[in-house]
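Trainee: Got a minute? I'm new to this one and would like a walk-through.
Mentor: Sure, pull it up and ask away.

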Amino acid sequence: MAGKAVEKRRPEVDPRDEPSAAWGWHGSFPKATRIAGWVSAIILLVMIKGNHENNTENVWLVGLSAFLVLLLVLDIRKQRTAWRK
């Protein structure tokens, strides 16, 4: 009886709308995305060392890096509290 109830709740995905449904994958890469975010933030900070004429470039590099770090920290916090919802 429970099997039929579970089947009723699952919406059927049309492979024409989402081609990955044909072979059963609907995921994302959360771990790889986080790693890429941290690597990008570090690369932005490494780019400060260069032949800049003024500090405008440095302000943008630090600001973008800080924004990425903020987003990554919020993502970590959301991941830790996801079970509470």
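Trainee: How many residues has helix 3, and how far does helix 3 reach?
Mentor: Helix 3 covers residues 56-80, so named because helices are DSSP runs (H or I, at least four residues) numbered from the N terminus. It has 25 residues and reaches 36 Å from first C-alpha to last. That is close to the 36 Å expected at 1.5 Å a residue, the expected span being 1.5 Å times one less than the number of residues.

Trainee: What kind of model is this?
Mentor: This is a predicted model: local features need pLDDT of at least 70, side-chain atom pairs count only at pLDDT 80 or more, and totals for chains, interfaces and linings use all residues. Residues are numbered from 1 along each chain as its sequence is written, and side-chain values use heavy atoms, with hydrogens and water left out.

Trainee: Which residues of helix 3 are buried?
Mentor: Asn58, Leu61, Ser65 and Leu72. Buried means under 20% relative accessible area, exposed over 50%, partly exposed in between (1.4 Å probe, protein chains only).

Trainee: And what covers them?
Mentor: The cover includes helix 2.

Trainee: Switching to helix 2, is Ile35 buried or exposed?
Mentor: Ile35 sits in helix 2, residues 30-46. It counts as partly exposed because its relative accessible area is 48%.

Trainee: Zooming out, how many helices and strands are in the chain?
Mentor: Three helices and zero strands. Along the sequence the pattern reads α-α-α.

Trainee: How much of the chain is buried?
Mentor: 9% of its 85 residues.

Notes:
Helices (H or I, at least four residues) and strands (E, at least two) are DSSP runs, numbered from the N terminus. Contact means heavy atoms within 4.5 Å.
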